[in-house]
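Student: I should like to go through the terms applied to this structure and to see how each one is justified. May we begin with a pair of charged side chains?

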Amino acid sequence: MTLLLTRNDLETLLDPADCLAALREAFRTAGASPVPGQRVVTGLPFPGTATALLPGLLPGVEAYTVKVNAKFPGARPALRGVVCLFSGVDGALLTLLDSATVTAWRTGLAAALGTHLPASPARPRARRSG
């Protein structure tokens, strides 16, 4: 049976600290994937685009994701779609997740990771010019 996780479900289930740790590890091991990620973007005959990101893989996890988005700049929200989690054993669709929520969390957490190391008290402070 496929699990459906809406925005409300994800916001209830996700813990920022756990997600930050998982994203840090995913960035650290990104080059270890045996299959490079791909992005397919296409225009549509109306004012929008369709994007697919595949496969999302993590070492040691027997599953993969395919993210499918529709982007319509005039709509609110402008980005809508799903992240599909498939079994790596038999291809079964395990979970559908709201991609706008996943994308928003990933973007925010990636920004936190990108600013954490340079701002760490253990690191020497950058010299100001001027």
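Tutor: Let us start in helix 2 (residues 16-28), where Arg-28 and Glu-25 lie three residues apart and are thus separated by about one helical turn. The model is a predicted one, in which local features need pLDDT of at least 70, side-chain atom pairs count only at pLDDT 80 or more, and totals for chains, interfaces and linings use all residues. Residues are numbered from 1 along each chain as its sequence is written, and side-chain values use heavy atoms, with hydrogens and water left out.

Student: Why is the contact of Arg-28 with Glu-25 called a salt bridge?

Tutor: The term requires a side-chain nitrogen of Lys or Arg within 4 Å of a carboxyl oxygen of Asp or Glu. The closest N and O atoms of Arg-28 and Glu-25 are 2.6 Å apart, so the pair meets the criterion of 4 Å.

Student: What makes Arg-28 exposed, and how is Glu-25 classed?

Tutor: Buried means under 20% relative accessible area, exposed means over 50%, and partly exposed lies in between (1.4 Å probe, protein chains only). Arg-28 has 61% and is therefore exposed, whereas Glu-25, at 37%, counts as partly exposed.

Student: How many salt bridges does a search of the whole structure find?

Tutor: The search finds two. Besides the pair in helix 2, Arg-7 forms a salt bridge with Glu-11, with 3.0 Å between the closest N and O atoms. Arg-7 and Glu-11 are four residues apart in helix 1 (residues 7-13), which means a separation of about one helical turn. Arg-7 counts as exposed at 52%, and Glu-11 is partly exposed at 39%.

Student: What makes a segment a helix or a strand, and what pattern does the chain follow?

Tutor: Both are DSSP runs numbered from the N terminus: helices are H or I over at least four residues, and strands are E over at least two. The chain has three helices and six strands, in the pattern β-α-α-β-β-β-β-β-α.

Student: How do you know that strand 2 and strand 3 pair?

Tutor: Two strands pair if DSSP finds at least two bridges between them. Strand 2 (residues 38-43) and strand 3 (residues 49-56) are joined by six bridges and run antiparallel, so the criterion of at least two is satisfied. Val-41 stands opposite Thr-51, Thr-42 stands opposite Ala-50, and a hairpin of five residues joins the two strands.

Student: Which residue of strand 4 stands opposite Ala-50?

Tutor: That residue is Ala-70. Strand 3 and strand 4 (residues 63-71) also pair in the antiparallel sense over six bridges. Their hairpin has six residues between the strands, and Gly-60 there takes a positive phi near 85 degrees.

Student: What is the order of the strands in the open sheet, and why do strand 1 and strand 2 stand at the edges?

Tutor: The six strands have the order 1-6-5-4-3-2, with mixed pairing. Strand 1 (3-5) and strand 2 each have a single partner strand, so one side of each is left without a neighbour in the sheet. The twist averages 15 degrees from one strand to the next.

Student: What share of the chain is buried, and what share of the contacts joins residues at least 24 apart?

Tutor: Buried residues make up 18% of the 130 residues. With contact meaning heavy atoms within 4.5 Å, 38% of the contacts between residues at least 6 apart in sequence join residues at least 24 apart.

Conventions:
Axes are lines fitted to C-alpha atoms, for helices over the stretch in contact, and angles run from 0 to 180 degrees between N-to-C directions.
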